[in-house]
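Grab a pencil and work through these exercises with the structure open beside you. Try each task before you read its solution.

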Protein chains: 2
Amino acid sequence: MRGRAELLPGLAEVFREHGYEGASLSLISRATGLGKGSLYNLFPEGKAEMAACVLAEIDGWFEANLYAPLRAAERPAAAVSAMFDAVETYFRSGQRVCLVGVVALGSERDRFAGAVRCYFARWIAALAGALTRSGREPAASLALAEEVVAQIQGAIVLARALDEPAVFSRAMTALRIRVAAAG
Amino acid sequence: MRGRAELLPGLAEVFREHGYEGASLSLISRATGLGKGSLYNLFPEGKAEMAACVLAEIDGWFEANLYAPLRAAERPAAAVSAMFDAVETYFRSGQRVCLVGVVALGSERDRFAGAVRCYFARWIAALAGALTRSGREPAASLALAEEVVAQIQGAIVLARALDEPAVFSRAMTALRIRVAAAG
DNA sequence: CAGGGTTTGTACCGATCGGTACAAAGATGG
DNA sequence: CCATCTTTGTACCGATCGGTACAAACCCTG
């Protein structure tokens, strides 16, 4: 037997590629190599629970790898730069979609509204904090943090729409420069 | 009988709210008030044709209301400002989703790849042209245009994720200021 | 009003949806 | 090795999916 934790990454990929509605149990079964029996044994509440767990896993990953470092950084500017590194790697230059963003746009938004809001709110807050500690005004930091997170999401959309990963990389580079400039 | 044109807006709303896969024929039937017989009479190729027509309609609207004015403007700065007005109205401060962006993120992206790419490429090109004619370097104009379009898409995601339309309005205001600043 | 083509609703198709039931198979503890 | 409990595959459930068939209703033109 495998625990839930070790199949969450594969599960996440199915949701990313097909969305919540499009991720059918047969797709999930194929992707995980588990039959329905096993899936419903691990996730008694079915697909909704799978998606909730995946969102929680993603949230945990961002918390550990982006938000916490941003909050704890002694050198905030370096932490922000590290965040961009992590973002570029995680989203594979825009070829990998942000599942939380996809959920936010989809019809199942209300079901996961809490998790979605929390993910973005904490991202913005952590980034804004780091920007403030690197010398910017708090209000300007918050505004810039919002812009940065939105730009990342938009760059994913645009890179996929144009089928041009370079768009994503260019956007990240431009953001680095804007953030490095004095507030 | 009603022609295809007059039910495209309602059809578009169904696709926006439920995505391509989620927009079932029964939903479409209810939203348009037409039975399957009528729908397949108007769109012999079924759902795919409906979606293609909706995308074409959206593309036409943006061409007429945003791209063409941007290209033809004698006062490019005013045209850019008018574009932001149109965007804020069209997307209802981020409460209405960009169907083309949703398709770009979804699994049916390949099916509509041409239309999606065309929509965004023309938007960026028209905006970059206006920015150039208002005195910016061509390369800088292109980069800024890309950023602006990405920011709009990201602001929609963020406004919906946080369930806070003000996020969208703030983002648009910030973009206006950035664009108005000297290149 | 009659004829002919179009538009419409409805019944139906096989496939698949999310979910359940349950018995065989596997692991675990004594 | 047996008894017990968990994990697994498979068959099955009603509902709904996208799509088709087709006859009744409708609208023109004569």
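For counting charges, Lys and Arg are positive and Asp and Glu are negative, while His and the chain ends are left out. Keep in mind that this is a predicted model.

**Exercise 1. Charges and surface**

Task: Find how far apart the mean positions of the positive and negative charges of chain A are.

Solution. Start with the tally: chain A has 20 positive and 19 negative charges. Next, take the mean position of each set; the two means are 1 Å apart. While you're looking at the outside, note that chain A exposes about 7800 Å². Carbon and sulfur atoms supply 55% of that area.

**Exercise 2. The fold of one chain**

Task: Work out how many helices and strands chain A has, and how compact the chain is.

Solution. Count the elements and you get 9 helices and 0 strands in chain A. Chain A has a radius of gyration of 18 Å, and the globule rule gives 16 Å for 183 residues, so chain A is as compact as a globular protein of that length. Now put a box around the C-alpha atoms along the principal axes: roughly 55 × 35 × 30 Å. Then check the inside, where buried residues make up 52% of the 183 residues in chain A. Finally, take the contacts in chain A with a separation of 6 or more: 65% of them join residues 24 or more positions apart.

**Exercise 3. Two copies, one axis**

Task: Say what turn and what shift lay chain A on chain B, and which C-alpha of chain A is nearest the axis.

Solution. Two copies of a chain are related by a rotation about an axis and a shift along it. Here the turn is 180° and the shift along the axis is 0.0 Å, with an RMSD of 0.0 Å for chain A laid on chain B. That is the relation of a two-fold axis. In chain A, the C-alpha nearest the axis belongs to Gly154(A), at 1.9 Å. As for the surfaces, 100% of the interface residues of chain A are also interface residues in chain B, so the copies meet through the same surface.

**Exercise 4. Glu147(B)**

Task: Decide whether Glu147(B) is buried or exposed, and list what it contacts.

Solution. First, place the residue: Glu147(B) sits in helix H8 of chain B, residues 138-162. Its relative accessibility is 11%, and buried means under 20%, so Glu147(B) counts as buried. Then set aside neighbours within four places in sequence. Glu147(B) is in contact with Gln151(A), Ala174(A) and Arg178(A) from chain A, plus Arg178(B) from chain B.

**Exercise 5. Ser141(B), on the same helix**

Task: Find how accessible Ser141(B) is and what it touches.

Solution. Ser141(B) also belongs to helix H8 of chain B. At 0% relative accessibility, Ser141(B) is buried. Not counting residues up to four places away in sequence, Ser141(B) touches Ala128(B), Leu131(B), Thr132(B) and Arg136(B). For a distance check, go 15 residues along the chain to Ile156(B): the C-alpha atoms of Ser141(B) and Ile156(B) are separated by 23 Å.

**Exercise 6. Positive phi in the loops**

Task: Locate Asp163(A) and Arg92(B), and give the phi of each.

Solution. Most residues other than glycine have a negative phi. Asp163(A) has a positive phi of about 55° without being a glycine, and its place is the loop between helix H8 and helix H9 of chain A. Arg92(B), not a glycine either, has a positive phi of about 45°; look for Arg92(B) in the loop between helix H5 and helix H6 of chain B. Arg92(B) is partly exposed, at 47% relative accessible area. Now turn to Asp163(B), in the loop between H8 and H9 of chain B. Beyond its neighbours within four places in sequence, Asp163(B) is in contact with Arg109(A) and Arg117(A).

**Exercise 7. Leu34(A)**

Task: Decide whether Leu34(A) is buried or exposed, and find which residues it touches.

Solution. Leu34(A) lies in the loop between helix H2 and helix H3 of chain A. With a relative accessible area of 14%, Leu34(A) is buried. Leaving out residues up to four places away in sequence, Leu34(A) touches Arg2(A), Leu7(A), Ser29(A), Leu39(A) and Leu42(A). Arg2(A) is 32 residues away along the chain, and the C-alpha atoms of Leu34(A) and Arg2(A) are separated by 9.8 Å.

Technical notes
Residues numbered from 1 in each chain as written. Chains lettered and ligands numbered in written order. Predicted model: local features only at pLDDT ≥ 70, side-chain atom pairs only at ≥ 80, totals over all residues. Heavy atoms only, no water. Helix = DSSP H or I, 4+ residues; strand = E, 2+ residues; numbered from the N terminus. Rg over C-alpha atoms; globule rule 2.2 N^0.38 Å. Buried < 20%, exposed > 50% of the residue type's maximum accessible area, 1.4 Å probe, protein only. Contact = heavy atoms within 4.5 Å. Areas by Shrake-Rupley, 256 points an atom, 1.4 Å probe, with all protein chains shown as cover. Charge placed at Lys NZ, Arg CZ, Asp CG, Glu CD. Least-squares fit on C-alpha atoms with pLDDT ≥ 70 in both.
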